[in-house]
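Open the model in your viewer and keep the sequence panel beside it. The stops below go from strands to side chains and end with the whole chain.

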Amino acid sequence: MIMLNGTSCAGKSTLAVALQDVLTDSGECWLVMSQDDFFCKIPRAFLRYGTMHVGPFSDRGVSLAIVDGVLTRRVGPDGERLLDAYRAAIAATARAGVNVIVDEVLVDESDWHSWLRHLDGLDVQWVAVRAPLEVVEQRERGRADRFNGTARAEYDEVHRYASYGTEIDTSELDPSAAARAILAAR
């Protein structure tokens, strides 16, 4: 398993596809999974994403907002079960023998500890996916699916708790070169 962790707009999704392509070229089958894949399947009524979308049951689900410049995630009882199921599903996929690349954003310490619990006993390469703040903010401004300020709010938090074997700066390496660097560090 390869865990790519970084802020919004750090380049994780692009890097995950580049990794998958490089591994496919060598005859390996890898599945890319992310919270986005999982959360797009739940009713939008249980989600809040800034002011772009506020579901009527978001207090029971997952709410992301920026409060005084800080990304605030509130997770209600349904949201806790969903996050636990997401991590359990990825761990079960790996335990079934499927290679997995995970596109992740660790928002707080509880995320890190939950992943450690779910991934116990698995061979996992944790990768810090970084880019300078001005780069991720510029990328964020170019994306209609993000609300401005998310990358800045996450920037100092996402790497605070994780322990990495590999670090990649997506502003310095193109996706293919970054993928090769990750694989060379395995």
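Two strands are said to pair if DSSP finds at least two bridges between them. Strands (E, at least two residues) and helices (H or I, at least four) are DSSP runs, numbered from the N terminus. The model is predicted, with local features needing pLDDT of at least 70 and side-chain atom pairs pLDDT 80 or more, while totals for chains, interfaces and linings use all residues. Residues are numbered from 1 along each chain as its sequence is written, and side-chain values use heavy atoms, leaving out hydrogens and water.

**Stop 1: strand β7**

Select residues 99-104, which form strand β7. Of these 6 residues, 5 are buried (under 20% relative accessible area with a 1.4 Å probe, protein chains only; over 50% is exposed, and in between is partly exposed). Strand β7 is therefore largely enclosed by the rest of the structure.

Now add strand β1, residues 2-5, which pairs with β7 in the parallel sense over 4 bridges. Which residue of β7 stands opposite Leu 4? It is Asp 103.

Next, add strand β2, residues 30-34. Strands β2 and β7 run parallel and are joined by 5 bridges. Here Leu 31 is the residue opposite Val 100 of β7.

**Stop 2: Arg 60 and Asp 78**

Switch to side chains. The structure holds 11 salt bridges (a side-chain nitrogen of Lys or Arg within 4 Å of a carboxyl oxygen of Asp or Glu). One of them joins Arg 60 and Asp 78, at 3.1 Å from N to O. Arg 60 lies in the loop between β4 (53-54) and β5 (62-67), and Asp 78 in helix α3 (residues 77-95); the pair links distant parts of the chain, 18 residues apart.

Are the two residues buried or exposed? Arg 60 is partly exposed, with a relative accessible area of 36%, whereas Asp 78 counts as buried at 18%.

**Stop 3: around Arg 73**

Select Arg 73 and Asp 108. Their salt bridge has its closest N and O atoms 3.3 Å apart. Asp 108 is in the loop between β7 and α4 (109-119) and Arg 73 is in strand β6 (residues 70-75), so placed that the pair links distant parts of the chain, 35 residues apart. Asp 108 is partly exposed, its relative accessible area being 27%. Arg 73, at 17% relative accessibility, counts as buried.

Keep Arg 73 selected and add Asp 111. These two side chains meet in a salt bridge of 2.7 Å, N to O. This pair also links distant parts of the chain, from Arg 73 in strand β6 to Asp 111 in helix α4, 38 residues apart. Both Arg 73 and Asp 111 are buried. Add Arg 87 to complete the view: Arg 73, Arg 87, Asp 108 and Asp 111 are joined into one network by salt bridges that share partners.

**Stop 4: the whole chain**

Zoom out and colour by secondary structure. The chain has 7 helices and 9 strands. Its radius of gyration is 16 Å, close to the 16 Å that the globule rule gives for 186 residues, so the chain is as compact as a globular protein of that length. That radius is taken over C-alpha atoms, and the rule is 2.2 Å times the number of residues to the power 0.38.

The C-alpha trace spans about 45 × 40 × 25 Å along its principal axes. Of the 186 residues, 47% count as buried. Finally, consider contacts (heavy atoms within 4.5 Å): among those between residues at least 6 apart in sequence, 68% join residues at least 24 apart.
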